[in-house]
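Biologist: I should like to go through this structure with you and ask, point by point, what supports each description. Please set each value against its criterion before you conclude.

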Amino acid sequence: MKQQRGAGVLLHISSLPGKYGIGSLGKEAFAFAKKLAKCGVKYWQILPLVQTGYGNSPYQTAACNSLNPYFIDLEALYRRKLLTKQELKAAEHPVGAVDYGALYEERLATLRKAFSRFFFDDPEFRAFVKGGSAEDFALFMTAKETYGGSFPDWEEALKNHTEEAVEKLRTERHEEYLFWQFTQYELIEEWLALKDYCNSLGIKIIGDIPLYVAIDSADVWVHAELFKLDDGKRPKKVAGVPPDYFSETGQLWGNPVYDWDEHKKEDYRWWRARLKYALGIYDIVRIDHFRGIDRYYEIEAGAETAKDGEWVDGPKEALFEGFKDGIIAEDLGTLDDGVYALLDKTGFPGMKVLLFAFDGNPSNPFLPHGYPENCVAYTGTHDNDTVVGYCRSLSPEDFILFKSRVAAEMQEMGLSVPLGEHSADIADAFLHLCLGSKAKIAIVPIQDILGLDNDARMNFPGTEEGNWQFRLSRLPRGKDMNKLKKMILKYRR
């Protein structure tokens with residue numbers, strides 16, 4: 001990996017503080033980037049920026065190359081006189097977790113008011129629409145607003161994405177179509193401004209793309225032939241993973257799986273375009289569930305759990321021809337020799353998660369004293385407990401045992417840092433272990449920097465409610481970031 005040795009922080013845009021119910025690409029994002037730069041952070045990792053779908057998950061999206069309209073900076077719209085002072089005030093929400101229900105009811109209505117004042121004959125906007133980057137998304141969302149439901153339920157011609165039906169939709173619902181183009185135009189302008197600012201501070205953005213897309217998405221609607229679907233455009237097989245350390249019954253994601261034979265016929269054109277797009281808006285891309293590119297787990301549509309699926313070969317290294325750098329492989333879960341071979345052939349760094357390290361096995365690959373340089377180390381991810389939350393879930397006896405294993409690993413790595421008695425002390429020890437490892441990039445979720453418990457957890461895999469809602473009530477204070485800054489200096493990151 002060609003990336004510079006450095007430390008990073010994991011915080012999704014939705015989790016930034018602010019007045020308007022969800023984090024945005026506004027002033028708080030720029031202020032957070034400035035705080036990161038002041039303490040020497042070189043990487044800011046986020047989750048997918050996409051328009052969310054079922055369960056408000058960024059891993060269930062309406063279009064894989066879309067951006068989430070909720071992230072539009074409302075204050076920027078106000079400054080451009082696209083919103084009134086009263087409309088901006090009405091969009092305020094109490095500080096707290098993201099209320100997606102309220103956003104669904106209110107935010108798009110606010111954005112439509114801004115669009116009603118937008119000069120959509122502006123040459124730059126017209127060029128954006130003509131460029132076609134948001135075309136499939138805008139048409140799909142227009143159809144959703146017009147006909148509701150999932151696309152397999154639409155009338156036959158539109159369901160099958162015929163040229164005549166699509167042109168009729170664009171013509172008859174042109175203002176709606178332009179509204180969705182407007183959201184993407186605003187977002188890409190704001191996002192690239194934030195990314196440029198971060199880059200000017202010496203910070204690289206690590207983005208994230210899911211392996212799979214949602215069944216009810218522009219991607220499946222437009223490219224149905226690339227997925228294993230029946231004649232009604234519904235999945236024959238769905239994605240998931242077998243039982244593992246996240247779930248005893250496995251995870252039944254429900255996404256349609258790819259028909260890789262069809263992808264191969266077109267030389268993986270759709271997938272390569274997707275990677276190229278991601279590497280254009282991020283500096284580095286983490287591919288979620290990377291192991292599914294070697295072999296993936298598919299389950300009969302309609303199954304109640306993921307226990308009875310089967311492993312099927314994926315495209316392997318052929319998918320990445322021409323992509324040599326800028327990719328992180330999320331290689332967690334059930335692995336085998338094929339995945340290790342794929343990592344070796346591509347040279348992409350995998351992930352190491354400290355929370356998986358302390359089971360008492362001296363050969364555990366997540367123990368940080370054994371990390372190779374070509375990996376990305378994490379205290380935990382958005383799918384894990386926070387360190388404090390995990391400690392508090394343990395019985396007193398298990399906590400003592402866990403603490404002793406952490407202390408032994410610190411000694412193994414030669415870290416002469418006192419280990420206190422509390423869960424927050426373990427969280428600080430995890431920062432030392434992560435940042436002190438040989439891993440070229442070390443990423444720490446903001447929750448572990450601040451010593452937050454599982455009330456601040458982002459996602460509980462296998463559950464459908466209460467996820468993706470975590471928000472900071474304010475930006476981190478100086479003392480929290482100074483702690484991180486000292487560690488970055490200590491471990492030469």
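Modeller: The model is predicted. Its open sheet has eight strands in the order E9-E6-E3-E2-E1-E12-E11-E10, with parallel pairing.

Biologist: Why are strand E9 and strand E10 said to stand at the edges?

Modeller: Strand E9 (327-329) and strand E10 (350-353) each have a single partner strand, so one side of each lacks a neighbour in the sheet. From one strand to the next, the twist averages 25°.

Biologist: What makes strand E2 and strand E3 a pair?

Modeller: Two strands pair if at least two bridges are found between them. Strand E2 (residues 43-45) and strand E3 (residues 204-209) are joined by three bridges in the parallel sense, so the criterion is met. Within this pairing, Trp44 stands opposite Ile205 in E3.

Biologist: Which helix packs on the sheet and touches E2 and E3?

Modeller: That is helix H9 (residues 174-200), whose direction makes about 135° with that of E3. Helix H12 (residues 269-281) lies across E3 and strand E6 (284-287), and runs at about 150° to E3.

Biologist: Why is strand E4 described as largely enclosed by the rest of the structure?

Modeller: A residue counts as buried when its relative accessible area is under 20%. In strand E4 (residues 237-241), five of the five residues are buried, so the strand is largely enclosed. Lys237, Ala239 and Val241 point one way from E4, whereas Val238 and Gly240 point the other way, and all are buried.

Biologist: Which strands are joined to E4 by three bridges?

Modeller: Strand E7 (residues 295-300) is joined to E4 by three bridges and runs antiparallel to it. E5 is likewise joined to E4 by three bridges, again antiparallel. Val238 stands opposite Ile299 in E7, and its bridge partner in E5 is Pro256.

Biologist: How do you know that Cys375 forms no disulfide with Cys434?

Modeller: A disulfide requires two cysteine sulfur atoms within 2.5 Å. The closest cysteine sulfur to that of Cys375 is in Cys434, at 8.9 Å, which is too far for a bond. A search of the whole structure finds zero disulfides.

Biologist: Are Cys375 and Cys64 buried or exposed?

Modeller: The limit for buried is under 20%. Cys375 has 2% relative accessibility and therefore counts as buried. Cys64 has 10%, so Cys64 counts as buried.

Biologist: Why is His432 called buried?

Modeller: Its relative accessibility is 11%, and the limit is under 20%, so His432 counts as buried. His432 is found in helix H17 (residues 423-435). Leaving aside residues up to four places away in sequence, His432 touches Leu415, Val417, Met487, Lys490 and Tyr491. His432 and Leu394 are 38 residues apart in sequence and 22 Å apart in space, C-alpha to C-alpha.

Biologist: Which residues lie nearest the centre of the largest pocket, and how many residues line it?

Modeller: The lining consists of 35 residues, and Gln251, Trp253, Asn459, Pro461 and Gly462 lie nearest the centre. The space in this largest pocket is about 880 Å³. Strand E5 (residues 251-256) gives the most to the lining, with four residues.

Definitions and conventions: Residues are numbered from 1 along each chain as its sequence is written. This is a predicted model: local features need pLDDT of at least 70, side-chain atom pairs count only at pLDDT 80 or more; totals for chains, interfaces and linings use all residues. Side-chain values use heavy atoms; hydrogens and water are left out. Buried means under 20% relative accessible area, exposed over 50%, partly exposed in between (1.4 Å probe, protein chains only). Helices (H or I, at least four residues) and strands (E, at least two) are DSSP runs, numbered from the N terminus. Axes are lines fitted to C-alpha atoms, for helices over the stretch in contact, and angles run from 0 to 180 degrees between N-to-C directions. Contact means heavy atoms within 4.5 Å. On a 1 Å grid over the protein atoms alone, a cavity is a set of points where a 1.4 Å probe fits but cannot get out, and a pocket is an open set with protein on both sides within 12 Å along at least five of seven lines; lining residues have an atom within 4 Å of a point. Grid points are joined across faces, edges and corners, and a volume is the space filled by probe spheres set on the points.
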